[in-house]
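Subject: The two-chain model, and what turned up in it

Hi there,

Here is the structure I promised to pass on. Please open it in your viewer first, and then read on for what was found.

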Amino acid sequence: MMKFKKAGLVADLFPNIRLMQTSGHFMFNYHSETTGAVHGLRVLYSSVHLVLVMAQFGFTFGNLVQESDDVNDLAANTITVLFFTHTLTKYLYFAIRSKLFYRTLGIWNQANSHPLFVESNNRYHALSLKKMRQLLIIVLTATIFSASSWTTITFFGESVRVRKDPENENITVSTEIPRLLIKSWYPWDAMSGLPHLLSLIYQVYYVFFSMCHANLLDSLFCSWLIFACEQLMHLKEILKPLMELSATLDTYVPKTADLFRAPSANSQDNLVDNDFNEKNNHNDDLDLRGIYSTRQELGAHYRSGALQTFNSGGGGIGPNGLTKKQELMVRSAIKYWVERHKHVVRLVTAIGDSYGIALLLHMLTSTIMLTLLAYQATKIDGVNPYAFSVIGYLLYALGQVFHFCIFGNRLIEESSSVMEAAYSCHWYDGSEEAKTFVQIVCQQCQKAMSISGAKFFTISLDLFASVLGAVVTYFMVLIQLK
Amino acid sequence: MVISNSADAFRVQYKMLVLTGLWPKENPNIVYRLRTLISWISAFGLFGVLLIQLINDIKDFTKLSETLYIMVSYVGFIIKLLTFTYQRKEFLKMIHYLKDPIFVTYPEDLDHYMTKYIKQSVLLASTFQLVIVGGLIFFALFPILDNKPLPMPLPYDLGKYTTLMYCLQVIGESISAINHICLDVMCTSLMGLAATYLNILSERIMHLKEKDAVVEDVVIFNEISESTNEQMRNCVKHHLAIINMVDSIEDVFTIALFGQFLTSVMVLCNTIFNIIVITVSTQTIMLSDYMVAIVIQLFMYCWYGNEIIAKSLQIRDACYMAKWYAFDKKTCKYLFIIMERSKRPLRITTMKIYALSLTAFATVSTFSLTCY
């Protein structure tokens, strides 16, 4: 029996993971005891949830088939079925592809570190932790609020089914149907009494747990994105100290006489100490050079190109060991930066792999659902439970799309601003090695890291804007057609 | 020849805004505060009047759109006013930053770009003011010609207070219109200034080392490359300063621009609707004048935004146009990194959603036409 240790992302996201396990997701890692009996119990727990959820889904679908004669009811029932298709899809998706999720959760188990940047790393880690917790609380609150408002709205208005009288087309006949959250076909009579109460409780459980399944998984995805963004911010922040560190390195200031001597690779007596203020001794030389330079920049740092050959690779010809140590320090800092950046890229790729298809399926169901909702919205004729439920559905669906679009957008922005941060970090003062580093970073970070829905579309605020625009357009067109 | 002062580009707006009390001052005296208060009261007062009329008319769409077209642009103006006041510290910091010596270290022969731009900016500000004065005269006169009691209608009959209300409305409207235009032209002149600086920078990079003749001696070559490196560093610092400036412009004005975009769409829709629906009268002329003003306003923003994008991409070409084949490895590295940065253009966005450019202008216009 191995004691399970929380590390990396798992430790950060532990509340989320525990909540997912409680709500019945098929997540069986991250427990302290993994004996057969306990494991079997957990599988049984999740399977029971699965059976209950699928049963209710089946009942709702049955109701859809039963009421498919009336267009209005058909539209309304399709919306409900699509709503729960989406939650069921997320639930099953996780069960099927949990391996990829475990892999993503385990990617940050071994992170590199550098003594210079530990403080910055910890600060951003703490920031990301705080944001993840806040997100989880917000998502939970929203879920509880939606579930309870759904329950409350059931008890307003008439729970009847309106149909046209088969004899006379102009009269509508209303038949009584059970007052439940979701119109479903039950094999038992749920009109009143104990069956009604049990069905009600069953449906409350169903609504709440389905919403939890979907929303917790979404918040897991967004928490990953938060983490990646905070890591990128950490990387951006340490660029400046890195450049400053390398700026103190290149203190090779040549003696004045040497500049007028033909340079030879063997003249080692040019070495001067690491005094930055040596340049002030060159003041008298500036007059001589005045004929060549158009501007008298005092305090200019002259590094003669011809003497570049001395600063090659690990040559480290320095008068004292300090220069070499600094050089190694800069090199290790650059290595830390690049390895950390590569780690973030690996994390984002893993996130995209594990969640991409779920996002695609989500967007498919959402698009159809929002189209039908636009149609339903044109039939709002006053402030009644119908209006509230339609608006509620709309806000919930749009809110879900907005939820992951905003974090996807942030990732794109953060990753593309790394290039701008690299440019603005006073690289012109750094050593040649630092300049090469900036060069390659600028090249690589031109392309932003983004999450795509299985390569069909990228998750960004553009996606949200287009979804919103499409809904508004459908709504306008349908209103005109009325 | 002395390098021209970039603050001249917006001196007209500065004078007008100081007159109406909206320019953020460090320690304003009582008179100044009073002027600020008058501007605020006229803005919100007229907004209140329009709101009353709107609530009264909420059932009838034709009459509603009459009030709506002016009210929506008032909402835009109030958003601009609020964001400008909220961001005044940022704004003052930016204006102060423009006085930084890094902005004036370019060679004097490139100064003609700046003088040209200053002339253009002052001309634009003055022209716009004339247009507004014309519009205001119409605004003051059309009730008399059209037999309406007030320029901005009220559902209540004021009796003998009508004349007073008339005068108040005209005065309030003129102050608000002046403020609105000054804020707009302020933003656009700052954007144009950034574009001019980018232009100067690209010229500077292109003409690097041009003064020096071809040298054979290696040692003198080294000297020259040192000075070239020095100039490159200054170019980079200049580039960074311009990037900072564009970022601060965006920080100060982004919400206002977002409001501007939203309201432009609605106003365009509404005004077209009104022109077609309402019978030909002086009001129609005023409406057309108004619509032209709105279109020009939006166009100005998009034009200058486009300039910034185009000029920042031009830096990459300028790097290539320099005599880079004669530079040594170190200078080439500078050029390389500058070119990498310039692949991505500098843009001004409306709350990070939409970048100001001529494409945006086309999209907004077609969108408002489709809405109509």
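Which helix supplies the largest share of the lining of the second largest pocket? That part goes to H13(A), with 12 residues. Before going further, please keep in mind that this is a predicted model.

**The second largest pocket**

The volume of this pocket is about 1,600 Å³. Its lining counts 37 residues, and those closest to the centre are Val472(A), Leu262(B), Val265(B), Phe367(B) and Cys371(B). Both chains take part: at least two lining residues each come from H11 and helix H13 (461-481) of chain A, and from helix H3 (61-86), helix H7 (218-277) and helix H10 (358-371) of chain B. If you care about the chemistry of the wall, the lining splits into 25 nonpolar, 9 polar and 3 charged residues.

**Cavities**

A search of the whole structure for cavities of 30 Å³ or more gives 10. The largest cavity has a volume of about 440 Å³. Which residues lie nearest the centre of the largest cavity? They are Ile132(B), Glu173(B), Ala177(B), Tyr290(B) and Ala293(B), out of 22 that line it. Four helices of chain B each give at least two residues to this lining: H3, helix H5 (111-146), helix H6 (162-206) and helix H8 (282-321). Sorted by class, the lining of the largest cavity holds 15 nonpolar, 5 polar and 2 charged residues.

**Salt bridges**

How many salt bridges are there over all chains? The count is 23, and a few of them deserve a look.

Let me start within one helix. Glu119(A) and Arg123(A) form a salt bridge, with 3.1 Å from N to O. Both residues belong to helix H6 (residues 118-154) of chain A and sit 4 residues apart, about one turn of the helix. Glu119(A) is exposed, at a relative accessible area of 51%, while Arg123(A) is partly exposed at 36%.

Next come two pairs that join the chains. The side chains of Arg344(B) and Glu420(A) meet in a salt bridge at 3.2 Å, N to O. This pair runs from the loop between helix H9 (329-342) and strand E1 (349-350) of chain B, where Arg344(B) is, to helix H11 (residues 385-423) of chain A, which holds Glu420(A). Is Arg344(B) buried or exposed? Arg344(B) counts as buried because its relative accessible area is 15%, and the cut-off for buried is under 20%. Its partner Glu420(A) is partly exposed, with a relative accessible area of 30%.

The other pair is Glu432(A) with Lys330(B), a salt bridge with an N to O distance of 3.8 Å. It also crosses between chains, with Glu432(A) in helix H12 (residues 432-444) of chain A and Lys330(B) in helix H9 of chain B. Glu432(A) and Lys330(B) are both buried. There is a network as well: Lys131(A), Glu230(A), Lys236(A), Arg410(A) and Glu414(A) are joined into one by salt bridges that share partners.

**Backbone angles in one loop**

Two residues of chain A caught my eye here. Ala454(A) has a phi near 50°, which is positive although the residue is not glycine. Phi of Lys455(A) is positive too, near 70°, again in a residue other than glycine. Where is Ala454(A)? Ala454(A) lies in the loop between H12 and H13 of chain A, and Lys455(A) is found in the loop between H12 and H13 of chain A too. Lys455(A) counts as exposed because its relative accessibility is 77%, where exposed means over 50%. Ala454(A) is partly exposed, at 28% relative accessibility.

**What the record says**

For chain A, an unreviewed UniProt entry places the feature "transmembrane region" at residues 43-62, 74-93, 135-156, 204-227, 355-375, 387-407 and 456-479. I can set two of these spans against the model. Residues 43-62 of chain A are 100% helix and 0% strand, and their end C-alpha atoms lie 28 Å apart. Residues 74-93 of chain A are likewise 100% helix and 0% strand, with 27 Å between the end C-alpha atoms.

That is everything from my side. Happy browsing!

Best wishes

Key:
Residues numbered from 1 in each chain as written. Chains lettered and ligands numbered in written order. Predicted model: local features only at pLDDT ≥ 70, side-chain atom pairs only at ≥ 80, totals over all residues. Heavy atoms only, no water. UniProt positions renumbered as here; feature names shortened; annotations may be inferred. Salt bridge = Lys/Arg side-chain N within 4 Å of Asp/Glu carboxyl O. Buried < 20%, exposed > 50% of the residue type's maximum accessible area, 1.4 Å probe, protein only. 1 Å grid on protein atoms, 1.4 Å probe; cavity = no way out; pocket = protein on both sides within 12 Å on 5 of 7 lines; lining within 4 Å. Points joined across faces, edges and corners; volume = space filled by probe spheres on them. Nonpolar A, V, L, I, M, F, W, Y, C, P; charged D, E, K, R; others polar.
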